[in-house]
Amino acid sequence: MRRKHLVVVVVTIFLCWNIMMYYLLVSKNPGKSISFGEKLTWLEADIQHQLNENSGLLEQLRKLRQDAERQAREKTEALRQARQQNVEPVEREVQHKPEVPVESPVRTDDGPLNANSVVLPVLMIACDRVSVSRSLDQLLEYRTSPERFPIIVSQDCGHPATSDVIQKYVTSDNIIHIKQPDLSNIELPWPKKKFSGYYKIARHYKWALNQIFHHFNYSAVIIVEDDLDVSPDFFEYFAATYPILTSDPSLWCVSAWNDNGKGGMVSDEPELLYRADFFPGLGWMMERKLWLEIGPKWPVTFWDDWMRHQDQRKERVCIRPEICRTSTFGQKGVSKGLFFEKHLKYIKLNDKFVPFTKKDLSYLKKEKYDPWFTRQVYNTPEVTVAEVMSGSKKHLKALRVTYITKDQYKSIAKRLGIMDDFKNAQHKLKHYKSKPWGELPELRSDL
């Protein structure tokens with residue numbers, strides 16, 4: 001009985017469902033019967049509309065995915081380049097000080113760079129010398145324009161007393177103070193531990209120069225250290241030689257230093273400038289393009305000797321003065337005063353202002369300089385070392401000494417009291433006519 005009742009209920013529900021569906025279909029188009037074909041057409045249109053909407057959604061999802069992948073690639077590439085350049089964020093001591101804007105060098109229509117318009121920042125490498133104030137005082141005394149010659153002091157070592165001294169200048173003299181963030185010890189095997197200071201110096205130089213060229217985005221820089229005195233025409237000298245540096249591909253630096261610039265061994269003519277194939281350092285200027293070349297392969301230690309290697313120099317030379325525009329008072333340092341008592345403290349610092357920017361320095365370009373200098377050398381009287389030492393030729397303005405071998409050079413250098421080291425001369429021996437008196441520093445670098 002229950003089964004029959006269930007069947008009746010199911011049949012009733014089925015009939016009611018069909019009647020309702022018929023009513024609904026007819027009510028959509030009153031007065032008009034709908035064929036089965038028309039129903040299929042409606043169904044096909046609905047399905048096609050839904051497919052179109054789904055295709056649009058898929059296309060949007062595909063674009064979103066492509067954008068996300070592109071952004072991820074760009075971020076990865078940026079991180080890779082930053083790691084290669086080893087660029088660290090700059091810690092600015094005074095945030096309210098505006099950065100000095102970088103100006104593009106100004107050229108005349110057909111002439112050289114305008115030496116009075118170029119922005120040349122001074123990068124001072126500092127560590128733990130509170131006497132850094134001596135160097136900063138002189139830079140401020142002789143600086144002709146804070147805008148053209150901004151001073152950036154990069155400090156390593158984390159020495160609080162030195163930092164306090166530098167901060168006094170930051171607040172009053174618009175000097176920027178940055179700090180090398182990696183103060184960790186460098187792990188070295190026992191024989192090299194005594195050179196750890198040189199490793200830290202190389203690390204500091206790389207970081208600081210990356211800041212100059214990649215963070216501050218300058219096109220050139222003058223590099224000094226915290227134990228240098230400077231001459232009254234220090235800024236004038238670099239401003240005037242910068243156009244020559246940028247226009248002559250055979251040049252790769254300008255230095256304020258003459259390695260054998262002792263008093264009594266140089267001319268009394270402060271305007272004399274020369275080209276030297278020995279990297280002098282101790283106050284020097286380089287362009288951004290050189291850092292982009294050598295920065296990625298910067299050495300872990302002894303950076304200055306590395307610079308003198310032919311793999312870096314590539315036959316390029318530096319401009320340097322007859323009379324130094326810097327001298328060092330750093331008797332104590334990582335080198336333990338090496339050469340200071342014997343040599344460095346006798347270097348003569350120029351005390352006269354030479355208006356280099358008003359002079360024609362085009363003679364320093366290779367095509368003019370080489371023929372002129374060759375004539376100078378071979379028109380100079382040739383003498384022996386004994387004749388030099390006896391003083392019998394004092395009436396002559398310049399003398400020429402000839403040597404052939406490395407041993408001969410070392411013997412001559414010791415007797416004359418000049419630097420007798422070779423600094424990566426690679427034992428290239430050749431017959432070489434020495435340069436005029438005061439030009440002997442290049443003797444050792446050309447061996």
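A residue counts as buried under 20% relative accessible area, as exposed over 50%, and as partly exposed in between. These terms are applied below to a predicted model, with emphasis on its disulfides, its main sheet and the helices that pack on that sheet. By this criterion Cys127, at 22% relative accessibility, is partly exposed. Cys157, with a relative accessible area of 39%, is likewise partly exposed.

The chain has 447 residues, of which 44% are buried. Its secondary structure comes to 13 helices and 12 strands. Among contacts between residues at least 6 apart in sequence, 76% join residues at least 24 apart.

Two disulfides were found in a search of the whole structure. A disulfide is a covalent bond between the sulfur atoms of two cysteines. With the bonded cysteines counted along the chain, the pattern of the disulfides is 1-2, 3-4.

One disulfide links Cys127 with Cys157, at an S to S distance of 1.6 Å. Cys127 is in the loop between β1 (122–126) and α3 (132–142), and Cys157 is in the loop between β2 (151–155) and α4 (160–173), so this pair ties together parts that are 30 residues apart in sequence. The torsion about the S-S bond of Cys127 and Cys157 is about -85°, and the disulfide is therefore left-handed.

The other disulfide joins Cys253 to Cys318, with an S to S distance of 2.0 Å. Cys253 belongs to strand β6 (residues 251–255) and Cys318 to strand β9 (residues 317–321), so the parts tied together by this pair are 65 residues apart in sequence. The link of Cys253 and Cys318 is right-handed, with 120° about the S-S bond. Cys253 and Cys318 are both buried. A further cysteine, Cys324, is buried with a relative accessible area of 0%.

Eight strands form an open sheet with mixed pairing, in the order β3-β2-β1-β4-β8-β6-β9-β7. The edges are occupied by β3 (176–179) and β7 (273–276), each of which has a single partner strand, so one side of each is left without a neighbour in the sheet. From one strand to the next, the twist averages 25°.

Within this sheet, β1 and β2 pair in the parallel sense over five bridges. Leu123 has Ile152, in β2, as its bridge partner. Helix α3 packs on the sheet and touches β1, β2 and β4 (220–225), its direction making about 170° with that of β1. Helix α6 (residues 234–247) also packs on the sheet, where it touches β1, β4, β6, β7, β8 (284–287) and β9; the direction of α6 makes about 175° with that of β6.

Strand β8 pairs in the antiparallel sense with β4, over four bridges. In this arrangement Val221 stands opposite Met286 of β8. The pairing of β6 with β8 is also antiparallel and extends over two bridges. Here the bridge partner of Val254 is Met285, in β8. Both faces of β8 are covered, with Trp284 and Met286 on one side and Met285 and Glu287 on the other, all of them buried.

Helix α6 was examined further. This helix has 14 residues and reaches 21 Å from its first C-alpha to its last, close to the 20 Å expected at 1.5 Å a residue. At Thr241, α6 bends by about 35°, and a proline, Pro243, follows within four residues. Of the 14 residues of α6, 13 are buried, so the helix is largely enclosed by the rest of the structure.

Outside the elements described above, Arg400 is found in the loop between α11 (385–390) and β11 (402–403). Arg400 is buried, with a relative accessible area of 8%; this value falls under the 20% limit for a buried residue. The C-alpha atoms of Arg400 and Val383 are separated by 6.0 Å, although the two residues are 17 residues apart along the chain.

Definitions and conventions: Residues are numbered from 1 along each chain as its sequence is written. This is a predicted model: local features need pLDDT of at least 70, side-chain atom pairs count only at pLDDT 80 or more; totals for chains, interfaces and linings use all residues. Side-chain values use heavy atoms; hydrogens and water are left out. A disulfide is a pair of cysteine sulfur atoms within 2.5 Å. Buried means under 20% relative accessible area, exposed over 50%, partly exposed in between (1.4 Å probe, protein chains only). Two strands pair if DSSP finds at least two bridges between them. Axes are lines fitted to C-alpha atoms, for helices over the stretch in contact, and angles run from 0 to 180 degrees between N-to-C directions. Contact means heavy atoms within 4.5 Å. The expected span of a helix is 1.5 Å times one less than its number of residues. The bend at a residue is the angle between axes fitted to the seven residues ending there and the seven starting there.
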